[in-house]
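Here is a friendly tour of a protein model, written for someone new to reading structures. Keep the 3D view open and turn to each spot as it comes up.

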Amino acid sequence: MITTRQPLRRRLAPAAAALAAALLLSACAGGSTEPGADSSEPVSGGTLEFGRAAAANDLDLNQQISANNAFAIDKIFEPLVSFDEKGELIPWLAEYEASDDGTTYTFTLRDGLQFSDGSDVTPDDVVFSLQRHRDVGGPLPLEAPIASIKATGDREVTITLESPYTPFLSELASFSNGIFPKDFGGASEMDFFAAPIGTGPFAVEEWDPNGDLTFVKNEHYWQEGKPYLDKLVYKLVADDTQQQQQLAAGQLDAIDDVPAANAEQIKSGAGTALSQTPGWSTEQVFFNTQREEFADVHVRRAIAMALDREGIVEATTFNTAEVANSLLPPTIVDSANDTVDALDFDVDAARKELADSAYPDGFKVKLSLASGDSQRAQIAQIVQESLAKIGITVEIEQLDIAVFRERFFAYDFDFMLNSGQSDAPDPNGFITFQADPEGFSKSYWTHYTNDRVTQLMHEGRTTPEGEERTKIYAEIQQILADEVPYIPLFFPSNLKATRDTVHDFTVLPNGSVRFEDAWVTE
């Protein structure tokens, strides 16, 4: 349902509301997990140094998907619509109206909107940006059945769809649909994305694709008085222990990802604060179904039953996560986490399931994960020990994060630990990325294919929000729970940390930070 010129309000399942309430309550406990929260007026100026585990190595918004790039890109480029910290869609660069039949969307750009170089943003820039994304495709393509994108006024753009497409606005809210100058401002594509120009709160001042990225304040930003920071520096600190040490020493002002084991230490530390907020991600074990062992559904089911998900959560998340039964987190619309019939932990049943496979005597296999992540290293050890009990020998392979990504992008892995992350509040994006055999990632690099899931996925895109659509996504999640091309382990909170000199540190459900709101004091 679309409300004219108002945010599109997403209904949250009861489980989502309960989870959000619980996490927000946790975040407020003791007063130390609201980073820099106070009633003071924001102060302009200063630099915020933000520790991250991976460098931003590519700023082409239409070609990227990993968080190291996405959450740098979204500081430079912005979409027509976005979402707030509750996951509700809101107008951003433009207000919008939709026709009653859901096929025509009219966007009116904000008055006086400018790029970071001071040039005006025009409807032609919007048309060029979105059309370029359609031409490129990329990992987060515009899947909507777009018939045309036209400039229809001095500040107006009209997008016409061939047929109604329920997740259209949610899809448009992705960072990959940011707006940039027509014809790249006269530069080549390569030169433009080496020194990009957008409407975002920051512009690139200095960038090492293998190291740090320094942003400078966009003096032409459309939100009056923002950003408050003069500079924002993404510092490459690959090891999470080093990140925490540098935060405690005041060498970093904030860190992007706090290991759950360290959350309480950050929370109670002198001069540091923990940010714990609901997220849109699911920690998972992914199977490469091109490997003959994992093409066998009995093997995948046996492994799922051999893993004690509750035990994994208790041992590795320190009360910062919820056990996952379904793929979709409870914070995403139409999550079936409370109703899906997931495979229970049962070692005897796991042995019987493996006996029904083509590998009743077990086999040897490699479990891949990125190095420097202490939580996943611990999970890997639990997986190794658990599978040994049913006759599967696991070799743990920890790889440099760049090598890890290169390997699984090339389908060069047996099975791996990783997480799925939604970029928008609608379930379509998450399901498409993890279950579409023809999509960019080929079902999150698992090559999993199920014709019924594919059919339902397409039905979900055209079915209006409501009971019928909820049933569609419930059936998809049940099929995935039965065939387990990946095993959802838990739904982590977004855990980040700051010095207590950092204020208004706003974290979105996708894990990005609204740094235009942040400010620092001495």
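The briefing below goes topic by topic. The model is predicted, and it holds 19 salt bridges and 5 cavities of 30 Å³ or more. The largest nonpolar core has 95 residues.

**Helix H14 and its cap**

- Start with helix H14, which spans residues 427-435 and has 8 of its 9 residues buried.
- The buried residues of H14 are Pro 427, Asn 428, Phe 430, Ile 431, Thr 432, Phe 433, Gln 434 and Ala 435.
- At the N-terminal end of H14, Asp 426 acts as a cap, with a side-chain oxygen 2.9 Å from the backbone nitrogen of Asn 428.
- Asp 426 also forms a salt bridge with Arg 469, where the closest N and O atoms are 2.9 Å apart.
- Because Arg 469 lies in helix H17 (residues 467-483) and Asp 426 in the loop between strand E17 (415-421) and H14, this pair ties together parts that are 43 residues apart in sequence.
- Both Arg 469 and Asp 426 are buried.

**The loop after H14**

- Pro 437 sits in the loop between H14 and helix H15 (442-445).
- Is Pro 437 buried or exposed? Its relative accessibility is 11%, so Pro 437 counts as buried, the cut-off being under 20%.
- Beyond its neighbours within four places in sequence, Pro 437 is in contact with Lys 442, Ser 443, Tyr 448, Thr 449 and Thr 454.
- Pro 437 and Asn 450 are 13 residues apart in sequence, and their C-alpha atoms are 8.2 Å apart in space.

**Thr 289 and its contacts**

- You will find Thr 289 in the loop between strand E13 (281-287) and helix H8 (292-295).
- Thr 289 is buried, with a relative accessible area of 14%.
- Its side chain reaches the backbone oxygen of His 447 at 3.2 Å.
- Setting aside neighbours within four places in sequence, the contacts of Thr 289 are Phe 294, Ala 295, Arg 300, Thr 446, His 447 and Tyr 448.
- Tyr 448 is worth a second look, since it is in contact with Thr 289 and also with Pro 437.

**More salt bridges**

- Side chains of opposite charge can pair when their charged atoms come close.
- One such pair is Arg 132 and Glu 189, whose side chains meet at 2.7 Å, N to O.
- Arg 132 belongs to helix H3 (residues 123-136) and Glu 189 to helix H5 (residues 189-194), so the pair ties together parts 57 residues apart in sequence.
- The two partners differ in cover: Arg 132 is buried, with a relative accessible area of 6%, whereas Glu 189 is partly exposed at 41%.
- Asp 348 forms a salt bridge with Arg 351, with the closest N and O atoms 3.1 Å apart.
- How are Asp 348 and Arg 351 placed in helix H11 (residues 347-355), and what separates them? They are 3 residues apart, which means about one helical turn.
- Arg 351 is partly exposed, with a relative accessible area of 41%.
- A network of salt bridges links Arg 291, Lys 366, Glu 397, Arg 407, Asp 412 and Asp 414.

**The nonpolar cores**

- In soluble globular proteins, nonpolar side chains tend to be buried together.
- Within the largest nonpolar core, the residues touching the most other members are Leu 48, Phe 50, Leu 80, Phe 107, Ile 159, Phe 168 and Phe 515.
- Helix H17 gives the most to this core, with 5 residues.
- Another core, of 34 residues, lies apart from it and includes Ile 312, Ala 380, Ile 392 and Phe 415.
- Not counting residues up to four places away in sequence, Leu 80 touches several residues, among them Trp 92, Phe 107, Val 126 and Ile 179.

**The largest cavity**

- The largest cavity holds about 230 Å³ of space.
- Which residues lie nearest its centre? Of the 22 that line the cavity, they are Asp 74, Ser 82, Leu 508, Ser 512 and Arg 514.
- Strand E2 (81-83) and strand E22 (513-514) each supply at least two residues of this lining.

**An exposed spot to finish**

- Glu 406 is in helix H13 (residues 401-409).
- Glu 406 counts as exposed, with a relative accessibility of 57%.
- Glu 406 and Lys 352 are 54 residues apart in sequence and 36 Å apart in space, C-alpha to C-alpha.

Terms used. Residues numbered from 1 in each chain as written. Predicted model: local features only at pLDDT ≥ 70, side-chain atom pairs only at ≥ 80, totals over all residues. Heavy atoms only, no water. Buried < 20%, exposed > 50% of the residue type's maximum accessible area, 1.4 Å probe, protein only. Helix = DSSP H or I, 4+ residues; strand = E, 2+ residues; numbered from the N terminus. Polar contact = N/O pair within 3.5 Å; in protein donor to acceptor, adjacent residues only side chain to side chain. Contact = heavy atoms within 4.5 Å. Salt bridge = Lys/Arg side-chain N within 4 Å of Asp/Glu carboxyl O. Core = buried A, V, L, I, M, F, W, Y, C linked by side-chain atoms within 4.5 Å. 1 Å grid on protein atoms, 1.4 Å probe; cavity = no way out; pocket = protein on both sides within 12 Å on 5 of 7 lines; lining within 4 Å. Points joined across faces, edges and corners; volume = space filled by probe spheres on them.
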